[in-house]
Amino acid sequence: TPVAYGRPATISYDKDAKILTIVGASPEDFQNVWRNYLDLDRDYGAIKTALAADDPVMARAIEFGSGIRILNQEKWETLVSFIISQNNNIPRIKKCIESLARTLGEEVGEFGGRTWYKLPSPERLAAATEEDLAPCKLGYRAKYLIATGRKVAEEGVDSLDKLAVPYMTAGETVDALREYTGVGPKVANCISLFAMGQIDSFPIDVWVKRVMHQLYGIEEGDMKAMARYAKDHFGALGGIAQQYLFYYITHCEDLV
């Protein structure tokens, strides 16, 4: 059950019947929120055909994770979530985000037998202390979130819109995001991809290093060569290619 744009819902997909079900969404919410959030208007069939052409590695990765889509997430909440994500594992990231929302966030309603909250606003984080965040067990990330909250609160949360398509290129977006405390190259590329519409962003983490080394023969420590390869071979679809490769290396037992 995600909370997106202040709305909790349960999303499921029946592969056989090819039916997407969103429990908790009105027809208006589907059109105005979930349709774009789930990237339903992008032609992934054409993208998969383009990426797989003359690339048997990518063709296998696409076949393995053919249903993957890039979510169009809220900019502020994506910035907060990926600052929390650094040097962290997924179960703990989820706990930290849920705890932060519950501790400082705004209640968005009852759904599925529980109360849901969204992440705190920039102003709420800007006014917080590290002691206020202590229950969330964020460690050193707490001071990053407070500093970033202050910057966004000062500039206005709408300032994040100017970091996205069509105002900036992916490179410009990444450079701008790195001005926020706690945002390094990998985190900036993730935010650029998942919230700023920059689908040519190619985040490189330990798993992408591994898959680019194992399947494309690039030295595992040479991130510049990986970025160059992505730009030359995947081009404007680099972020989507990255997601197929990431899913492949993290879920295929023959590779892990």
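**Notebook: Gly-105, Ser-81 and Ile-90**

I looked up Gly-105 to begin with and found this residue partly exposed, at a relative accessible area of 21%. I note that I am reading a predicted model. The value of 21% lies between the cut-offs of 20% and 50%, so Gly-105 counts as neither buried nor exposed.

Next I checked where Gly-105 sits. I placed Gly-105 in the loop that runs between helix 5 (90-104) and strand 5 (106-111).

I then listed the contacts of Gly-105, leaving aside neighbours within four places in sequence. I got Leu-100, Tyr-117, Lys-118, Leu-119 and Pro-120. I also took the C-alpha to C-alpha distance from Gly-105 to Trp-116, which came out at 9.6 Å for two residues eleven apart in sequence.

I turned to Ser-81. Is Ser-81 buried or exposed? I found a relative accessible area of 18% for Ser-81, which is under 20%, so I entered the residue as buried. I located Ser-81 in helix 4, which covers residues 75-85. Neighbours within four places again set aside, I found Ser-81 in contact with Ile-97 and Leu-119. I had already written down Leu-119 as a contact of Gly-105.

My last entry is Ile-90. I found Ile-90 in helix 5. Its relative accessibility is 59%, and because this is over 50%, I entered Ile-90 as exposed. How far apart are the C-alpha atoms of Ile-90 and Gly-238? I read a separation of 23 Å, with the two positions 148 residues apart along the chain counted as their spacing.

Definitions and conventions: Residues are numbered from 1 along each chain as its sequence is written. This is a predicted model: local features need pLDDT of at least 70, side-chain atom pairs count only at pLDDT 80 or more; totals for chains, interfaces and linings use all residues. Side-chain values use heavy atoms; hydrogens and water are left out. Helices (H or I, at least four residues) and strands (E, at least two) are DSSP runs, numbered from the N terminus. Buried means under 20% relative accessible area, exposed over 50%, partly exposed in between (1.4 Å probe, protein chains only). Contact means heavy atoms within 4.5 Å.
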